[in-house]
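Good morning, and thank you for the time. I should like to take you through one structure, moving from a single charged residue to the ligand site and then to the pairs of opposite charge.

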Amino acid sequence: MSSNDSHDPFFRVVTSPAFHRDHIADLLAGRCTAIRVSGFMPEAQCEEILQALLRAEFDSYGTERVYPSVMRFGVGVSDHRHEGKVTGSYWPAIEASRKAWSDLALPFDPWEFCRTGLASHWPGTVAVGRREGREMEPGVAREANQGFQVHFDDVTREFSERLLDANLVAQLAFNLYLSVPEEGGETIIWRHRWQPADEAHRLPRSYGYAQTVVGDAEQLEIKSVKGEALLFDPRLFHAVRPSQGERRIALGFAVGLTDTGDLLTWG
Ligand SMILES: O=C(O)CCC(=O)C(=O)O
Ligand SMILES: [Fe+2]
C-alpha cells in the first residue's frame, strides 16, 4: 500500500468469472479500476498460442522509445506515429503481421476468442476498430520480461487526429496472460491521471516516466496468473515490474467505447 492512508473506495479491482456488463460499465465510469477474469482462456488453448509464438520470431519495439526492450509479435499503432499522426508505414506493417499470424497456423483466432469473451454480456458489438475504412491490427503479443516503465495510454492525447473511424468516449486496456513468471511481472496501477506538470518527470526520449511522477498516490498491484484476462483503465499511470524465470508473454489490445455504445479494439 502507499504511504498515503486515505483510500478511494472506487480505486479497486473487481474479480469475476466473466466480463459482466455492469463491471465494464463501472470500469468505464471510474467506479472500479480493473477487472480480473481468471480462467478466461483454458490452459490448453493458452499453451497452443504460446508454443506457436515461441517457435516464431518476435520483433522489438523501437528500442529508442521503449527501453528496457519489449518484444512483440504484431503491430502496435504507437510504433507508427509521428507528430501525432499515423505514418504510412502502418498499413504495410499490418499486412506483414497478418501473414506472420496466419503462418502460426493456429486452429482458432486468439483475438476473436478475446473479443467474444468481452462481448459475452455487453449489449453493443465488440469488433476490431477501423481506420480510413480498413480494419486495424487486432492486437499484439508482447513479451515484457524486463517490465514496462511507468506510463499511461490515451490515444486522444497521443494522436492529434481521430485514430479510428468512430468517436471514442473512453479507452480501456485488455491483456490475456499466456505465460507468467514466478517472481515479478506484477502490473501496478496508480491512482494518478496525467496532468501537465507530470511532463517534468518524463524519461528522455522514452514512452515512460520516472516513478516520482506518481508521488505517494494509492497503488494496486496485480499478479496475474496464466489464462487470466485483465481489463483496466490505462489513463491511470501503470507499470509492469521486471521478472525472473519464466517469460512474461501476454496478448494485449486497446478497447475504445464509442458514442454508439460499441467496443472497438486495436493493437
Ligand atoms: O502487461 C500488462 O500487464 C500491462 C501492459 C500495459 O502497459 C497495457 O496493457 O497498457
Ligand atoms: Fe500500458
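Which side chain of opposite charge is nearest to E218, and how far away is it? Please keep in mind throughout that this is a predicted model. The nearest such side chain is that of R191, at 4.9 Å. A salt bridge requires a side-chain nitrogen within 4 Å of a carboxyl oxygen, and E218, although buried, has none. Its place in the chain is the loop that runs between β14, residues 187-193, and β15, residues 219-222. The side chain of E218 does have a polar partner, however: one of its polar atoms lies 3.1 Å from the backbone nitrogen of D8.

Let me turn to the ligand. Around ligand 1 we find R142, F148, H151, D153, A173, N175, Y177, T187, F232, H238, V240 and R248. Three of these residues deserve a closer look for their polar contacts. N175 places a polar side-chain atom 2.7 Å from an oxygen atom of the ligand. For T187, the separation between a side-chain N or O atom and a ligand oxygen is 2.7 Å. For R248, the corresponding distance from a side-chain N or O atom to an oxygen of ligand 1 is 2.9 Å. As for enclosure, ligand 1 on its own has 300 Å² of accessible area, and the protein covers 95% of that.

Next, helix α4, which spans residues 110-119. Its buried residues are P110, W111, C114, R115, G117 and L118. Viewed down the axis of α4, these buried residues fall within an arc of 160°, and they therefore line one face of the helix. The N-terminal end of α4 is capped by D109, which has a side-chain oxygen 2.8 Å from the backbone nitrogen of W111.

I come now to the salt bridges. How many does a search of the whole structure find? The count is 18. I shall discuss a few of them.

K226 pairs with E47, and the closest N and O atoms are 2.4 Å apart. K226 sits in the loop between β15 and β16, whereas E47 belongs to helix α2, residues 43-55, so this salt bridge ties together parts that are 179 residues apart in sequence. Both partners are partly exposed, K226 at 28% relative accessibility and E47 at 27%.

A further salt bridge joins R247 and E143, with an N to O distance of 2.6 Å. This pair also links distant parts of the chain, 104 residues apart: R247 is in the loop between β18 and β19, and E143 is in strand β10, residues 140-143. Is each partner buried or partly exposed? R247 is partly exposed, with a relative accessible area of 36%, while E143 is buried, at 5%.

R72 forms a salt bridge with D79, the closest N and O atoms lying 2.8 Å apart. At 11% relative accessibility, R72 counts as buried. There is also a network of salt bridges that links R12, D26 and R31.

Finally, a word on F73, which is found in strand β4, residues 71-73. With a relative accessibility of 7%, F73 counts as buried. In sequence F73 and D59 are 14 residues apart, and their C-alpha atoms are separated by 6.2 Å in space.

To return to my opening case, E218 is buried and has no salt bridge. I should be glad to take your questions.

Technical notes:
Residues are numbered from 1 along each chain as its sequence is written. Chains are lettered from A and ligands numbered from 1 in the order in which they are written. This is a predicted model: local features need pLDDT of at least 70, side-chain atom pairs count only at pLDDT 80 or more; totals for chains, interfaces and linings use all residues. Side-chain values use heavy atoms; hydrogens and water are left out. Helices (H or I, at least four residues) and strands (E, at least two) are DSSP runs, numbered from the N terminus. Buried means under 20% relative accessible area, exposed over 50%, partly exposed in between (1.4 Å probe, protein chains only). Lys and Arg count as positive and Asp and Glu as negative; His and the chain ends are not counted. A polar contact is a pair of N or O atoms within 3.5 Å; within protein, one must be able to donate a hydrogen and the other to accept it, and residues adjacent in sequence count only if both atoms are side-chain atoms. A residue is near a molecule or strand if one of its heavy atoms lies within 4 Å of it. Accessible areas come from the Shrake-Rupley method with a 1.4 Å probe; for residues, only the protein chains shown count as cover. The arc is that of the directions from the helix axis to the C-beta atoms.
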